[in-house]
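Colleague: I am new to reading structures, and I would like a close look at one part rather than a quick tour. Could you walk me through a strand and its neighbours, and then show me what lies around them?

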Amino acid sequence: MTATVFNQQEIYKSLEEVMDPEIPTLSVIDMGMITGVEETGTGVRVKMIPTFTACPAIHVIKDSIQKKVESLGYENVEVQLDDSIVWDSDRITPNGKILLENFGLGTPKRHCGNFGIEEIAHSKCPHCGSEDTTMNSIFGSTLCRSTHFCFSCKQAFERFKPV
Amino acid sequence: MEAIKNLLFRMADDELIYGHRMSEWTGMGPIMEEDIAYSSMAQDKIGHALANYSILEKEFQTANPDKLAFFRKENELMNCQLVELSNHEYDFSLVRHFLFDHADFIRYEMLSTSSFAPLAQLSKKIKGELKYHVLHADTWLTRLGNATDESHARMQSALNELWNYALGIFEPSDYEAQLIAEKIFDGEKVLQQKWIEKISPIIEKANLKIPSSSSPVYGGRKGYHTDQLQPLLTEMAEVISSEAEGTEW
């Protein structure tokens, strides 16, 4: 079998189908986890960053990326953790934020590295869009979520934290 | 090189031991939100320990993170004694969390400009996560310090009990001068100073008082521990020790 000719765009496109196991409607591209796709002498290198240091899904995600790229016919696929870039919630794409809301999660505003307690505590309700909400706890069911309550639709909801 | 290794071990062991202590609140929290909060923070801490052990393995060819975490002897661990103390009442855990996490946050903030690039890069990431730990601690300290007579008395008593242990976080190493000269880390003394400046107004806001006399509990950083550490280490390694070496999970 001859190795597939390197096509960066095709690889990026395929990664739109590799989902975050904790939010299965969002891809690693939507999450801003991919930092590079490169041709090596003998194959392909995909560079990625975890959202949180203690992300328990990182090995699952790495394996999924590798299998996906291999399914395109590439050989010697290497998925490397990129320690030159720090993930933050600004890296979530605009499409990713829409998908988060559809999944039922509040979304973090763009903060450019500078945000305080007001931004952490306040989230728009992903169910009814109301701003009349309160934060119950800055921790939630996964590391990336905080828990909130909406006074308007009387629903509890979770929010993807600004990081 | 020994200086950086020593620093990394101190930090990693703090995170590992404290992460396990925090995880003991899983399923035991006074309210569900706190149960979740401690579980989340425990997960972060263990992740931070892993990240530090991974730098040791990658840059200094030490044993792998699992071996470092689960197969070292008690006197080889360099965590401060504050983090190893057994949990009992919730106020105790909360005040420890406040005292430790402020120091931890400032430490990583200082290290984010370290001349040792792998640690600087990791610290930039970790300090963003610790922001939430500190916020959690501050919220509860000020809330309970100002709530009822009982909650106030309990918080003050926990602060009195833990204060000298907290000062033990900053036990100087044999490498302070070298770390400072090589711009790796500004040292425990500067860290302690920044910590006092940061926590004093919050303690005041919580209507609590820093104990007037102090005598730091040192020893942990040199491998001297309380009798509360070994039972924890035994428990932590219970599963891994029961399997033959090389078992794949």
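Modeller: Here is a walk that starts at one strand and then moves outwards.

This is a predicted model, in which local features need pLDDT of at least 70 and side-chain atom pairs count only at pLDDT 80 or more, while totals for chains, interfaces and linings use all residues. Residues are numbered from 1 along each chain as its sequence is written, with chains lettered from A and ligands numbered from 1 in the order in which they are written.

Let us begin with strand β8 of chain A, residues 145-150. Helices (H or I, at least four residues) and strands (E, at least two) are DSSP runs, numbered from the N terminus. Five of the six residues of β8(A) are buried, so the strand is largely enclosed by the rest of the structure. Here a residue is buried if 20 or more other C-beta atoms lie within 10 Å of its own, exposed if 12 or fewer, and partly exposed in between, with C-beta atoms placed from the backbone.

Which strands does β8(A) pair with? Two strands pair if DSSP finds at least two bridges between them. One partner is β7(A), residues 133-137, joined to β8(A) by four bridges in an antiparallel arrangement. Within that pair, Thr133(A) has Cys150(A) as its bridge partner. Another partner is β9(A), residues 155-160, which runs antiparallel to β8(A) and is joined to it by six bridges. There, Phe149(A) faces Ala156(A) of β9(A). Four residues lie between the strands in the hairpin of β8(A) and β9(A), where Lys154(A) takes a positive phi near 60 degrees.

β7(A) also leads us to the other chain. In total, 15 residues of chain A are in contact with 19 residues of chain B, contact meaning that the C-beta atoms of two residues, placed from the backbone, lie within 7 Å. On the chain A side, β7 and α4 (117-121) each supply at least two residues. By class, that side has nine nonpolar, four polar and two charged residues. Ala, Val, Leu, Ile, Met, Phe, Trp, Tyr, Cys and Pro count as nonpolar, Asp, Glu, Lys and Arg as charged, and the others, Gly among them, as polar.

Across in chain B, helices α1 (residues 2-23) and α2 (residues 32-60) pack at an angle of about 155 degrees, with their axes 8 Å apart. Axes are lines fitted to C-alpha atoms, for helices over the stretch in contact, and angles run from 0 to 180 degrees between N-to-C directions. The two helices are therefore roughly antiparallel; angles under 35 degrees count as roughly parallel, over 145 as roughly antiparallel, 65 to 115 as roughly perpendicular and the rest as oblique. The contact of α1(B) with α2(B) involves 15 nonpolar, five polar and three charged residues.

Back in chain A, there is also an open sheet of three strands in the order β3-β4-β5, with mixed pairing. β3 (34-39) and β5 (77-81) of chain A are at the edges with a single partner strand each, so one side of each has no neighbour in the sheet. From one strand to the next, the twist averages 15 degrees. Five bridges pair β3(A) with β4(A), residues 44-48, in the antiparallel sense, and Val37(A) stands opposite Val46(A) of β4(A). Finally, α2(A) lies across β4 and β5 of chain A, at about 150 degrees to β5(A).
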